[in-house]
Amino acid sequence: MRARIVDAENRFEAVVAKHLDFVSRTLLALGVPSTGVDDAAQQVFLVAAQKLDAIEAGAERAFLFAIARGVAANVRRSRARSRELADEDVLDAQLDDTPDPEELCASKRDREMLERLLDGLTDEVRPIFVLHEIEGLTMAEIARVCDLAHGTVASRLRRARDAFHAAARRLRLGQERLESR
Amino acid sequence: MSEPRRLLLDPDAADFEHELLRAWGDEQPSRAARDRAMGLVAIAGAGAVGAHAVGALAPNAAATSVAAAVKWSTLGVILIGGATAGVSYVARDRHPDVGAETGTATPIRTQIAVPTANARATAEEIQSPPSPSPRSARTPRADMLAEQIAMMDGVRAAIASGGGAHAVRLVDDYERRFPRGAFLEEAEALRVDAIAKTANFAATRHAADRFLVAHPSSPHAARIRTLSSAATP
């Protein structure tokens with residue numbers, strides 16, 4: 001019995017060590033604010049700890065992603081504010097609220113901008129974009145993780161990219177306007 | 001269908017997009033996040049025995065206890081957030097038997113009951129780093145959980161063989177050994193069973209009443225009421 005406990009604990013520790021980075025980035029990319037990522041990651045791993053026996057070896061990342069997706073959705077729903085990049089006025093207002101870019105280190109500013117771009121993607125395409133563009137998964141891997149047909153993954157990725165390019169162009173233009181003031 | 005190239009690696013993608021996507025490559029979870037996730041390891045260990053030995057210990061009831069502990073810890077995670085797992089991680093070092101509670105339920109319950117009063121202590125406890133060697137800290141916890149389960153098995157075996165008095169002594173031993181044990185509720189329920197085996201009706205009713213006052217919504221409550229009724233002349 002003790003061996004079974006130790007085995008489970010060893011496996012759980014290995015899962016945390018291997019996938020915490022992935023879970024944290026995914027939560028951020030799926031709209032969890034940076035201040036809430038630690039809490040959300042803990043929720044994800046709590047579920048993993050409870051369900052460890054049910055997670056097939058080799059399928060840990062898919063399991064964690066599915067949980068992270070649900071946790072992120074809950075967090076987003078509970079957030080009072082909503083961001084819509086499609087509305088340029090809202091985007092401008094957000095940029096106006098942003099601290100002077102010089103006050104932020106470049107990487108933090110870039111990360112915040114990317115968060116806004118991702119917030120503009122729909123829930124349907126956002127995970128696909130995150131898994132491919134940020135986590136580097138192949139379409140076949142995404143199809144497995146999200147339990148989707150390969151063609152569905154491909155079409156959602158195209159839509160996500162189109163939306164991302166459009167939002168990035170608007171964001172860039174908005175940023176240039178601010179810089180030229 | 002060909003695999004699309006990632007934007008980050010696509011020379012045709014805008015530099016601006018490259019910069020944004022590259023910024024996420026530097027994203028790393030905090031040390032606290034890692035500690036907190038690792039702090040859940042006891043729940044994973046409890047889960048490993050939950051479906052087997054714990055379930056066999058007292059069908060439904062013991063498993064319910066573990067599930068309740070996990071529920072409490074879930075609630076603790078949600079309500080308390082940041083400090084909870086760090087505290088529970090540290091708490092196990094401070095109270096060795098707490099780790100055996102499988103869901104670190106007791107410290108979290110305390111936190112929920114009086115969060116403000118504990119806030120300062122929480123902050124102080126978090127200052128203390130967890131054990132640098134989770135492996136060395138883990139094995140005693142696993143041992144303790146296994147020991148608790150074995151002791152409960154012993155109580156049940158004693159009751160099954162008709163040794164009520166012996167079973168009561170074993171329950172006493174358990175409660176002395178694990179004053180914050182994972183199976184205290186089950187132990188108290190088994191105590192009623194054990195006393196009933198001694199045919200001491202008054203003591204059985206007294207123990208049953210005590211149990212029902214302490215655990216009115218326990219999954220054992222119906223059975224304990226039956227034992228109490230059977231001990232009523």
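Reader: Which residue follows α6(A), and what is the sign of its phi?

Author: Helices here are DSSP runs of H or I of at least four residues, strands are runs of E of at least two, and both are numbered from the N terminus. After α6(A) comes G136(A), with a positive phi near 75°. This is a predicted model, in which local features need pLDDT of at least 70, side-chain atom pairs count only at pLDDT 80 or more, and totals for chains, interfaces and linings use all residues. Residues are numbered from 1 along each chain as its sequence is written, chains are lettered from A in the order in which they are written, and side-chain values use heavy atoms, without hydrogens and water.

Reader: How many residues of helix α6 of chain A are buried?

Author: Buried means under 20% relative accessible area, exposed over 50%, and partly exposed in between (1.4 Å probe, protein chains only). In helix α6 (residues 126-134) of chain A, nine of nine residues are buried, among them F129(A) and H132(A).

Reader: Does K18(A) count as buried or exposed, and why?

Author: K18(A) counts as exposed because its relative accessibility is 65%. K18(A) belongs to helix α1 (residues 2-29) of chain A. Its C-alpha is 9.2 Å from that of R61(A), 43 residues apart in sequence.

Reader: What is R191(B) in contact with, beyond its neighbours within four places in sequence?

Author: Contact means heavy atoms within 4.5 Å. R191(B), in helix α10 (residues 184-197) of chain B, is in contact with V168(B), V171(B), D172(B) and E175(B). R191(B) counts as buried because its relative accessibility is 11%.
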